[in-house]
Amino acid sequence: MTSSSTLPTTAPCVSRSIISLIAACGFIVLYVPMFMDFAFLFWAKDEGAHTPILLAGIGYGYWRLRASFHWVPDNKDVSFAFLQFSVGWALYGLGVVQSFYQLQGLSLLPVVAGLTTLAGGRRALRKCWQLNLLLVMTIPLPASLAEAILIKLRLALTASVTDMFAWFGYPVARHGVSITIGFYELRVANACAGLRSMLSLLAIGGLYLILQPLRRPVSTIIFLSTIIPLALAANFMRVSFLVLITYYFGSSSQMLIHDLAAYVEVGVAIFLFFLARFAIERALEGRLA
Amino acid sequence: MKPLSPLIYVLMFSLLSAATLGVATYSRDRLASIPQIQGTKAIDIPHRIGPWTSISPPADIVEPWVNDGGDLAAQEIYDHLLTRGYRRRDGTTVTLVIAYKRKLFQEDRIHRPEVCYYAQGYQRSQASTGTLALSDRRIAVTGFLATGFSRSEKVLYWIRTGDLVSENAVLQRFELLKATMNGRIPDGALVRVSMPVDESRPRAEQADADIALSMFLKDLLNAVSEQTRTVLL
């Protein structure tokens, strides 16, 4: 902050909007092609359907902090920003050459952090670090990792959904990750999708907390600990819903509403987060915010 | 030093970003246009392998993939897929699955049999790793017992990624990274053999299954042409 005090902070030589526009161009050049790839490869399969929602949410988070972006970086800010850009470009380039989408996605973190530093100095970076960190959750999970970790969750989920319907007396059976209900076989491989997107749900919960922080640390911890069970609950509802639709209306209807279910799931999750927060505020913070 | 106008910095950022995209895309396309030597390799597995004669594969074979949606997508994972049963004179039968992919990128993968068995309703136990000693080299193989609802199978397999024979996902990714850095796109193969075992029988008998499987693998590698061997290993 040494040299910035010597600068006219309110009237830079070129208007701030032009500077922002040029920075945005650089960002768009890098990330629109990447997001188009991601949309085609990951988001279209419903395992990634929540990522755009999360991205929009994070974008909104940055928009809310736009007052911190005044575009008068000092020399230290500039060197730090370009250091971060270099890391970002290296990751991005390696990612493209290798078709290693996770590296490409990871480059988003240093590039956005660099832009934040350039736009608002290290002070803005300190304000945005949580949002920046949350960008990790927009990276598609590597397939090998997803398989190894999520298949257990997937089987557990399939089992619990099957048990529930069996308890209610539905003709339901489970074989590996497929559920058979009535005459139909539901490849709940698609539930894997649900579980991958559960990670996005967790991120959305985290974003909610960043945008609307709770006042006491203890309520923050309690809220964080409710995120996982609530996201699981939303996911459980989604799979159960799909099973019911398959049973009553056949697999073609299931296919039709499959994508819709992913978005409804986000809605349900956000509603549950909202309820949890409301309860925590009522119980621990004395009054409504 | 008086800082330059931020305009310079954002211009630099945008231009260098565009340059990054350009160079990276160009290098990727150049890499992808390298003719594939591996692409012309044929997998030719004889129907008689030492004491083994081919039979049609069992109907309830565990597919070498995890079905994530349509069957079509599953078929597209590999460029070449061979499933075959073999019977020895004493009645022992094994199932051979060979899956081959010409070009492996980071996001591609040869599905690990553990995961496939798991997803298709089997429980995995008794995981083991061993080495298969051939005349000229030793290969690391992985084995496990898959316990299903109505039957159990002993499974033995290896996965080749480029020059690496390992089922470790991190090592595989590193091998891909290394190969691409040297300007080539590696290929990969899964060689998996399995046979049904009766779990109610003593463990010694199950160990016989392991021996039969590794003997089959040795016979297989001795029986195939040099070219096919380089695909498998």
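A:Trp71 sits in the loop that links helix 2 (51-64) to helix 3 (75-98) of chain A. In this predicted model, the residue has a positive phi of about 60°, even though it is not a glycine. That is worth a second look, since most residues other than glycine have a negative phi. The loop position does not leave A:Trp71 out in the solvent either: its relative accessibility is 6%, so it counts as buried, the cut-off for that label being under 20%.

A:Ser99 tells a similar story. Its place is the loop between helix 3 and helix 4 (101-106) of chain A. Here too phi is positive, at about 50°, and A:Ser99 is not a glycine. With a relative accessible area of 13%, A:Ser99 is buried. Helix 3 of chain A therefore has a loop residue with positive phi on either side of it, A:Trp71 in the loop before and A:Ser99 in the loop after.

Stepping back to the whole of chain A, the tally is 9 helices and 3 strands. Read from the N terminus, the elements go α-α-α-α-α-α-β-β-β-α-α-α, so the strands come as one run with helices before and after. The chain has 289 residues, and 52% of them count as buried. Taking contacts between residues at least 6 apart in sequence, 72% of those in chain A join residues at least 24 apart. As for the surface, chain A exposes about 13,300 Å², with 71% of that supplied by carbon and sulfur atoms.

Further along chain A, helix 8 (residues 217-249) holds A:Ser240. This serine is buried, at a relative accessible area of 8%. Once neighbours within four places in sequence are set aside, A:Ser240 is in contact with A:Val161, A:Met164 and A:Phe165. A:Ala261 lies 21 residues away from A:Ser240 along the chain, and the C-alpha atoms of the two are separated by 11 Å.

Chain A also supplies helices to the second largest pocket, which has a volume of about 760 Å³. Helix 1 (16-43), helix 2 and helix 5 (108-134) of chain A are the elements that give two or more residues to its lining. There are 24 lining residues, and those nearest the centre of the pocket are A:Ala24, A:Phe27, A:Tyr62, A:Phe69 and A:Leu115. Helix 1 of chain A gives the most, with 9 residues. Sorted by class, the lining comprises 19 nonpolar, 3 polar and 2 charged residues.

Chain B is built along other lines, with 6 helices and 9 strands. Of its 233 residues, 47% are buried. Its accessible surface comes to about 11,100 Å², and carbon and sulfur atoms account for 55% of that. When contacts between residues at least 6 apart in sequence are considered, 70% of those in chain B join residues at least 24 apart.

Two basic side chains in the strands of chain B deserve a mention. B:Lys154 belongs to strand 7 (residues 152-161). Its relative accessibility is 6%, and because the cut-off is under 20%, this lysine counts as buried. The side chain of B:Lys154 makes a polar contact of 3.5 Å with the side chain of B:Asp210. Beyond its neighbours within four places in sequence, B:Lys154 has a long list of contacts, including B:Gln126, B:Phe144, B:Leu145, B:Val193, B:Met195, B:Gln206 and B:Leu213. B:Asp210 and the residue before it, B:Ala209, are on that list too.

The other is B:Arg88, in strand 3 (residues 80-88) of chain B. A relative accessible area of 16% puts B:Arg88 among the buried residues. Its side chain is joined to that of B:Asp90 by a polar contact of 3.1 Å. Leaving out neighbours within four places in sequence, B:Arg88 is in contact with B:Pro51, B:Trp52, B:Ala212 and B:Met215. Each of these two buried residues thus has an aspartate as a polar partner, B:Asp210 for B:Lys154 and B:Asp90 for B:Arg88.

How values were computed. Residues are numbered from 1 along each chain as its sequence is written. Chains are lettered from A and ligands numbered from 1 in the order in which they are written. This is a predicted model: local features need pLDDT of at least 70, side-chain atom pairs count only at pLDDT 80 or more; totals for chains, interfaces and linings use all residues. Side-chain values use heavy atoms; hydrogens and water are left out. Helices (H or I, at least four residues) and strands (E, at least two) are DSSP runs, numbered from the N terminus. Buried means under 20% relative accessible area, exposed over 50%, partly exposed in between (1.4 Å probe, protein chains only). Contact means heavy atoms within 4.5 Å. Accessible areas come from the Shrake-Rupley method with a 1.4 Å probe; for residues, only the protein chains shown count as cover. A polar contact is a pair of N or O atoms within 3.5 Å; within protein, one must be able to donate a hydrogen and the other to accept it, and residues adjacent in sequence count only if both atoms are side-chain atoms. On a 1 Å grid over the protein atoms alone, a cavity is a set of points where a 1.4 Å probe fits but cannot get out, and a pocket is an open set with protein on both sides within 12 Å along at least five of seven lines; lining residues have an atom within 4 Å of a point. Grid points are joined across faces, edges and corners, and a volume is the space filled by probe spheres set on the points. Ala, Val, Leu, Ile, Met, Phe, Trp, Tyr, Cys and Pro count as nonpolar, Asp, Glu, Lys and Arg as charged, and the others, Gly among them, as polar.
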